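Subject: Handing over the structure

Hi there,

Here is the structure I promised to send you. Have a look at it first, and then read on for what turned up.

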Amino acid sequence: MLIRIRKGWEIPDSQATPETVFLNRRRLLKTAAAGSVMLGAGGLLAACDDDPAQAAAGGDSETASAAEGGDPSAKLYPAPRNETYTLDRPITDEGLATTYNNYYEFGSSKNIWQKAQALPVRPWTVTLDGMVEQPMEIGIDDLLAKMPLEERVYRHRCVEAWSMAVPYSGFAMKALVDLARPLSSAKYVKMTTFENPDVAGGQRAAWYPWPYIEGLTMAEARHDLAFIATGLYGKPIPKQNGAPLRLAVPWKYGFKHIKGIVRFEFTDQRPKSFWEAIQSSEYGFWANVNPEVPHPRWSQASERVLGLNEQVPTLLYNGYGEYVADLYKGIDPQQEALFM
Ligand SMILES: Nc1nc2c(c(=O)[nH]1)N[C@H]1C(S)=C(S)[C@@H](COP(=O)(O)O)O[C@H]1N2
Ligand SMILES: [Mo]
């Protein structure tokens with residue numbers, strides 16, 4: 001168990017578990033309360049202690065990534081690194097990034113990676129529809145064959161005030177938008193996660209508004225930083241991290257990074273995301289990272305860097321302001337909650 005003295009500006013981790021605290025408050029999910037206690041100081045260590053099989057894995061990346069065996073896309077990785085985006089911190093240990101996850105379809109704890117192995121990721125069909133020239137369905141391997149794969153290292157900042165630095169492989173979301181050929185009247189892209197309660201036990205909890213939904217404006221979706229991740233650490237992306245495809249928009253809080261996507265729908269209606277549907281006063285559409293705009297229940301001024309267990313200041317747009325600030329120039333922050 002990790003014990004350290006908290007500095008004045010640090011928040012207790014127990015306050016930074018928004019989903020579980022919220023549900024506890026509504027008395028909807030008793031086990032979530034246990035989860036939030038487990039995720040107190042030294043959360044990952046506590047989670048590991050809790051489960052002997054997990055402790056045996058001991059953050060061994062090979063174990064957590066083993067499910068890629070037989071993945072028909074394995075030969076596509078590692079993809080060449082795009083050096084445009086660099087980091088100010090070391091890459092998070094692979095074993096940690098693949099065993100400390102948020103994926104409510106498989107439960108509300110961080111320790112869901114084994115449960116997620118039950119998700120079949122082949123065949124996997126992606127639907128591109130809505131306001132497009134021609135709706136289309138495409139299998140993940142056909143999609144991968146069409147897309148220019150590359151690797152990018154991105155910072156990843158959860159709204160719960162922890163962060164990682166992760167090498168994703170995949171393709172610019174713009175390439176997928178171009179493939180879909182949206183009409184000029186489309187204003188947003190709405191993304192939807194799979195629904196399969198037989199394997200995803202969390203989806204049997206009826207109080208959540210399944211399926212998980214997320215959305216971006218067309219300008220955000222076409223921005224070079226918006227990335228569809230299909231690989232992680234030079235291999236196909238593990239199921240717990242969102243196989244076979246998930247979003248990575250690193251200037252936004254992690255809950256925007258929808259996993260296990262089956263549908264991209266182009267629309268002129270702003271989508272209501274999963275967390276917005278649960279608690280719109282705490283989780284909004286924009287979710288851009290801003291250290292000066294606190295979550296209603298805790299500060300966003302700093303973040304705990306997983307693995308280093310170091311508290312560092314959070315950066316505006318998670319450090320990507322030079323690329324993305326222009327996207328929001330015409331938007332009045334009094335009218336739109338850009339940072340929630
Ligand atoms: N479908 C789905 N996508 C999801 C989530 C989820 O519960 N379900 N959690 C989100 C949250 S809150 C975060 S922080 C990231 C975590 O991604 P990681 O486990 O790869 O670090 O996934 C996001 N995508
Ligand atoms: Mo998150």
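How many residues surround ligand 1, and which are the closest? Before the answer, please keep in mind that this is a predicted model. Ligand 1 has 18 residues around it, and Tyr104, Glu105, His156, His257 and Lys259 are the closest of them. Sorted by class, this shell holds eight nonpolar residues, seven polar ones and three charged ones.

**Contacts with the ligand**

Some of the polar atoms of ligand 1 can be paired with protein atoms. One of its oxygen atoms has a backbone N or O atom of Tyr104 at 2.7 Å. An oxygen atom of ligand 1 also lies 3.0 Å from an N or O atom of the Arg246 side chain. On the nitrogen side, a polar backbone atom of Asn102 is 3.3 Å from a nitrogen atom of ligand 1. As for cover, ligand 1 on its own has 540 Å² of accessible area, and the protein covers 99% of that.

**The cavity around it**

Where does ligand 1 sit? Its place is in the largest cavity. The whole structure was searched for cavities of 30 Å³ or more, and four were found. The largest cavity contains about 330 Å³ of space.

A total of 25 residues line the largest cavity, and those nearest its centre are Asn102, Arg246, Gly254, His257 and Lys259. You will recognise His257 and Lys259 from the residues closest to ligand 1, while Asn102 and Arg246 came up in the contacts above. The lining is made up of 14 nonpolar, seven polar and four charged residues. Which strand gives the most to this lining? That is strand E4, residues 162-172, with four residues.

**Backbone details**

A few spots in the loops may catch your eye as you trace the chain. Just before strand E4, in the loop that comes after strand E3 (150-157), you will find Ala161. Its phi is near 75°, which is a positive value in a residue other than glycine.

There are also cis peptide bonds to look at. One runs from Arg122 to Pro123, with omega near -10°, and Pro123 belongs to the loop between helix H7 (113-116) and strand E1 (125-130). Another joins Trp210 and Pro211, where omega is about -5°. Pro211 is in the loop that links strand E5 (188-193) and strand E6 (213-217).

Happy to go through any of this with you over coffee.

Best wishes

How values were computed. Residues are numbered from 1 along each chain as its sequence is written. Chains are lettered from A and ligands numbered from 1 in the order in which they are written. This is a predicted model: local features need pLDDT of at least 70, side-chain atom pairs count only at pLDDT 80 or more; totals for chains, interfaces and linings use all residues. Side-chain values use heavy atoms; hydrogens and water are left out. A residue is near a molecule or strand if one of its heavy atoms lies within 4 Å of it. A polar contact is a pair of N or O atoms within 3.5 Å; within protein, one must be able to donate a hydrogen and the other to accept it, and residues adjacent in sequence count only if both atoms are side-chain atoms. Accessible areas come from the Shrake-Rupley method with a 1.4 Å probe; for residues, only the protein chains shown count as cover. On a 1 Å grid over the protein atoms alone, a cavity is a set of points where a 1.4 Å probe fits but cannot get out, and a pocket is an open set with protein on both sides within 12 Å along at least five of seven lines; lining residues have an atom within 4 Å of a point. A molecule sits in a cavity or pocket if more than half of its atoms lie within 2 Å of its grid points. Ala, Val, Leu, Ile, Met, Phe, Trp, Tyr, Cys and Pro count as nonpolar, Asp, Glu, Lys and Arg as charged, and the others, Gly among them, as polar. Grid points are joined across faces, edges and corners, and a volume is the space filled by probe spheres set on the points. Helices (H or I, at least four residues) and strands (E, at least two) are DSSP runs, numbered from the N terminus.
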